[in-house]
Amino acid sequence: MAISLNKGGNVNLSKEAPNLENVLVGLGWDARATDGQDFDLDASLFMVKDDGKVPSDAYFIFYNQPKSPEGAIEHTGDNRTGAGEGDDESVHVTLSKVPAEVQRLVIVVTIHDADARRQNFGQVSNAFVRIVNRDNNQEVVRFDLSEDYSTETAMIFGEIYRHSGDWKFRAVGQGYSGGLRALALQHGVNV
Amino acid sequence: MNLSRGQRAKIADLIPNGQRFTLGVSIDAPGLILDFACFGLDAGGRLADERYMTFFNQPTSPCGGVALSVPAGDRAGFAVDLGRLPTSIERLTVTVAIDGAGTMSRIGRGHVRFMDGTSEAGCFEFSGADFAEERALMLLEIYRKDGVWRTCALGQGFNGGLAALVAHFGGTVATETQAAPPPPAPPKLQPSPVNLSKITLEKRGNSVSLQKQFNAAHGEILINLKWRSVSGAKKGFLSGLMGNNRTDLDVGCLYELANGDKSAVQALGNTFGDYYRAPYIALDADDRTGSSAGGENLRINGEHWDQIKRVLVYAFIYEGAPNWAEAEALITLKTPGQPEIEVRLDSHRNDRPMCAIALLENQGGAVKITKLVDYHRGHLDMDQAHHWGLDWVRGSKD
């Protein structure tokens, strides 16, 4: 039985899933049921050091750069509409390959073209992030963001981070305005 | 507190008692006919119980937790008492739909606001710039999450209008007002030459005689009532949330058969008559808002005209303040092969909700129609004025 976290909660992945190595970060949301332009949500991941910045732009994993240099992170592709069951976008993480200097993997979701489309996260329903052990397909932890939506256009859904030699996951649910660009700048990416 | 589109908040953060408040809705939409409703939905977002669609035809939910109530200055509204809602109701969604032509991009400014007593506790403002081709909108929802009531400013909708909206909630839309009884299949009219001329009876007391054509029966005599709501615009499916502005105009008739039987055909009391059996007069719909495009129709089976002695056609305001001038009621009388006859209720007695419109008499087999347009305080007065002689008791449609 997977653990369900509330905003701000954390769980020790290494304890919940001993020998966790191949991780799937699944992100989901419901396609809009109403008429109007689709919500095109994009998952991205920042591999950041202690100072919260990426070692280089190569450690910003997103739709135009789906893989990190050492292959620890792999984005499985862009879903343009949120249609379909289950995860809408996912990122594969091989924990042992994550460079030592990278302390945190920051998982974000942004709304593409949000300002032009007059969209925000408050209009997106049933968003979640979940951590799955790919070796046995067991869901380890899940964070349902549905009550933490904001009217912002970018959100940090959660983060996987090192803690005393273990890997932990924290449910963040923090919104930001300015979309992916603002988040990229904040994490030291040159955009 | 101002709510922007997509914003969520706990009800308790808006309304200190967290339970009782009124939602007021206003939309500046010149030229558009808007219908407002509040849907009470289950955990799956479904209208599992149609009685929880609160609108003009259903002004109160069974539990009393949602009821029509328009705050001063607003165009529509709902009084909400969350504590009275059954546990099966997890969500209230306030909606607006356009009746007729137009899209939501044409609206001006609008809002949904929370009223705590007479003070505004929260407001979601929107405008036509937020929308495109939508014809029905979910404006705001109030929902229960982990036992806590919250609200979300939605401002999203459907190009398909009310039907798409109701389908979204798992329901279907009847083509007419839901409270109306299913109309009997109207008898097929005999094809008759197109006749564009209309006879309008302007002065009271004028009469025309529809001469019996050879030995043929008269076919169907159709008496149609159309009227306009007090706002001046023809009202639509969900309209009538205007509190005391609500008007329900009915057509009916008193009849006397050749065998001496006397009674009335009208929606009030659910005496819709019978087209094929005595009295050979039937009311096919109860249009409670002026929404039905065809209005209300009273049909007289002309094949049995020989068994009808006289028919007194009347209109009366069942609900709402009598205001004939604004109701603009128009009675049209159609008989196959004859010019249409129109009677406009143009002389007004606003203190009297009942209007005798025309008397149809059997004169040697011909239909003699006399325009009356005399106003009465009620059925009894009218009956007495026209010497019908029925016993009258108060009735209700509900």
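Which residue stands opposite B:L222 in β22(B)? The tour reaches it at the last stop. The model is predicted, and the first stop is chain A.

**Stop 1: the sheet of chain A**

Select β1, β10, β9, β3, β7 and β6 of chain A, in that order. These six strands form an open sheet with mixed pairing. At the edges are β1, residues 3-5, and β6, residues 73-75, and each of them pairs on one side only. Going from one strand to the next, the twist averages 20°.

**Stop 2: two strands within that sheet**

Keep residues 125-133 of chain A, which are strand β9, and residues 138-144, which are strand β10. The two strands pair in the antiparallel sense over six bridges. Now pick A:V129 and look across to β10(A), where A:F143 stands opposite.

**Stop 3: where the chains touch**

Show both chains. On one side are twelve residues of chain A, in contact with 16 residues of chain B. Colour the chain A side by residue type: three are nonpolar, six are polar and three are charged.

**Stop 4: strand β15 of chain B**

Select residues 220-226 of chain B. This is strand β15, mostly covered, with five of its seven residues buried.

Add residues 296-301 of chain B, strand β20, which runs antiparallel to β15(B) and is joined to it by six bridges. Pick B:I221 here; its bridge partner in β20(B) is B:I300.

Then add residues 330-334 of chain B, strand β22, also antiparallel to β15(B) and joined to it by five bridges. Pick B:L222 and look across to β22(B): the residue opposite is B:K334.

Notes. Residues are numbered from 1 along each chain as its sequence is written. Chains are lettered from A and ligands numbered from 1 in the order in which they are written. This is a predicted model: local features need pLDDT of at least 70, side-chain atom pairs count only at pLDDT 80 or more; totals for chains, interfaces and linings use all residues. Two strands pair if DSSP finds at least two bridges between them. Helices (H or I, at least four residues) and strands (E, at least two) are DSSP runs, numbered from the N terminus. Axes are lines fitted to C-alpha atoms, for helices over the stretch in contact, and angles run from 0 to 180 degrees between N-to-C directions. Two residues are in contact if their C-beta atoms, placed from the backbone, lie within 7 Å. Ala, Val, Leu, Ile, Met, Phe, Trp, Tyr, Cys and Pro count as nonpolar, Asp, Glu, Lys and Arg as charged, and the others, Gly among them, as polar. A residue is buried if 20 or more other C-beta atoms lie within 10 Å of its own, exposed if 12 or fewer, and partly exposed in between; C-beta atoms are placed from the backbone.
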